[in-house]
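Here's a model to load in your viewer before reading on. Keep the sequence panel open too, since we'll be hopping between the two.

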Amino acid sequence: MTGSPAAMDAAPRGAEGFRLGNEILAFRFVATLSERRGDPVERIPTPERLGAWLSANALGEPGLPVSEALLREARDLREAIHRAGTAIAGGGVPDPSDEALLNRWSLRHRARLVLDGGRARWRLPDTDPARAALAVVALDAIATLGGQGDGVIKRCEQATCGGLFVDASRGGRRRWCSMATCGNKMKKANLKSARARSDDPAAHSGERP
Ligand SMILES: [Zn+2]
């Protein structure tokens, strides 16, 4: 998808606390609100943190200026992507108002894709670069949600996550937005319940179903 290859090479500088283990840029942005089905964690609580997230995803230099108003617009964009993706993952279509919001962002697209040392990279305009960076995220969302890439849009199966991912695995059996976070959580939870079962004498004597 647009923006993703460069983003995966992003320097980890300033990336602490962000969930960057999803290969789709737009869905990494959705993950800036994590634990959506548990106690939600806002990972872009301030304009500075949104700027840090953008630069951690190869969209602009560290310290990119972001206003409070743009932070609010960014969160609106994020939630529209999440709702639209969740609708598609459930076999439906996005709400027209969410499509309209995404399309308005697409109209504002001003970044240029350039080759730099053999790699594709987004070059942002000098005026309002953070807004242009968010338009790149919106463009990635439109391309992904609209089925331009390979794979199927799914909702993460980890109980508290609520995140989205594209399952491009051969057998279509991917279950988690990110192996590094939700995949590991599920593994640990499964291990724990397996251990609990093997420690429980009732489990061996067949007294419980
Ligand atoms: Zn997840």
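What follows is a walk through this structure, from the overall layout to the helices, then a few loop residues, and finally the metal site.

First, a caveat: this is a predicted model. Start with the big picture. The protein chain has 8 helices and 6 strands. Reading from the N terminus, the elements come in the order α-α-β-β-α-α-α-β-β-α-β-β-α-α. Of the 209 residues in the chain, 42% are buried. If you take the contacts with a separation of 6 or more, 57% of them are between residues 24 or more positions apart.

Now to the helices, and three of them in particular: α4, α5 and α6. Helix α4 spans residues 68-89, α5 covers residues 96-107, and α6 takes in residues 129-145. Each pair among these three is in contact, so to speak, and we can take the pairs one by one.

Begin with α4 and α5. Their axes come within 9 Å and cross at roughly 130°. An angle between 115 and 145 degrees falls outside the parallel, antiparallel and perpendicular ranges, and α4 and α5 are therefore oblique to each other. The crossing of α4 past α5 is left-handed. To see who touches whom, select Leu70, Glu73, Asp76, Leu77, Ala80, Ile81, Arg83 and Ala84 on α4, which meet Asp98, Leu101, Leu102 and Trp105 on α5.

Next, swing round to α5 and α6. Here the axes are 8 Å apart and the packing angle is about 125°, so this pair counts as oblique as well. Again the crossing, with α5 passing α6, is left-handed. From α5, the contact uses Leu102, Asn103, Trp105 and Ser106. On the α6 side you'll find Arg131, Leu134, Ala135, Ala138, Leu139, Ala141, Ile142 and Leu145. Leu102 and Trp105 are worth a second look: they touch α6 here, and they also appear in the contact with α4.

That leaves α4 and α6. How do these two helices run relative to each other, with axes that come within 11 Å? They cross at roughly 5°, and since angles under 35 degrees count as roughly parallel, α4 is roughly parallel to α6. On α4 the contact is made by Leu70, Glu73, Ala74, Leu77, Ile81, Ala84, Gly85 and Ile88. Their partners on α6 are Ala130, Arg131, Leu134, Val137, Ala138, Ala141 and Leu145. Leu70, Glu73, Leu77, Ile81 and Ala84 of α4 take part here and in the contact with α5 too.

Step back along the chain to helix α3, residues 47-56. Ala52 sits in this helix, and with a relative accessibility of 17% it counts as buried. Its C-alpha lies 9.9 Å from that of Val66, which is 14 residues away in sequence. Pro62 belongs to the loop between α3 and α4 and is partly exposed, at 46% relative accessibility. The C-alpha atoms of Pro62 and Gly51 are separated by 6.9 Å, with their positions 11 residues apart along the chain.

If you like checking backbone torsions, there are a couple to look up. Most residues other than glycine have a negative phi. Ala58, in the loop between α3 and α4, has a positive phi of about 60° although it is not a glycine. Its relative accessible area of 23% makes it partly exposed. Glu35 is another non-glycine with a positive phi, about 55°. You'll find Glu35 in the loop between β1 (33-34) and β2 (41-42), and at 13% relative accessibility it counts as buried.

Finally, the metal. Which residues hold the zinc ion's protein donors? They are Cys156, Cys161, Cys177 and Cys182, each through its SG atom, at 2.3 to 2.4 Å from the zinc. The arrangement is tetrahedral because the angles between the 4 donor atoms run from 103 to 118°. Along the sequence, the donor residues follow the spacing C-x4-C-x15-C-x4-C. Cys161 and Cys177 link distant parts of the chain, 16 residues apart. Cys161 is in the loop between β5 (152-155) and β6 (164-167), while Cys177 is in the loop between β6 and α7 (179-199). Cys161 is buried, at 8% relative accessibility, and so is Cys177, at 9%.

Notes. Residues numbered from 1 in each chain as written. Predicted model: local features only at pLDDT ≥ 70, side-chain atom pairs only at ≥ 80, totals over all residues. Heavy atoms only, no water. Donors = N, O, S within 2.8 Å, 3.2 Å for Na, K, Ca; no water. Tetrahedral: all angles 85-135°; square planar, octahedral: opposite > 155°, others 65-115°. Helix = DSSP H or I, 4+ residues; strand = E, 2+ residues; numbered from the N terminus. Buried < 20%, exposed > 50% of the residue type's maximum accessible area, 1.4 Å probe, protein only. Axes fitted to C-alpha atoms, helices over the stretch in contact; angles between N-to-C directions. Parallel < 35°, antiparallel > 145°, perpendicular 65-115°, else oblique. Left-handed = near helix turned anticlockwise from the far one by under 90°. Contact = heavy atoms within 4.5 Å.
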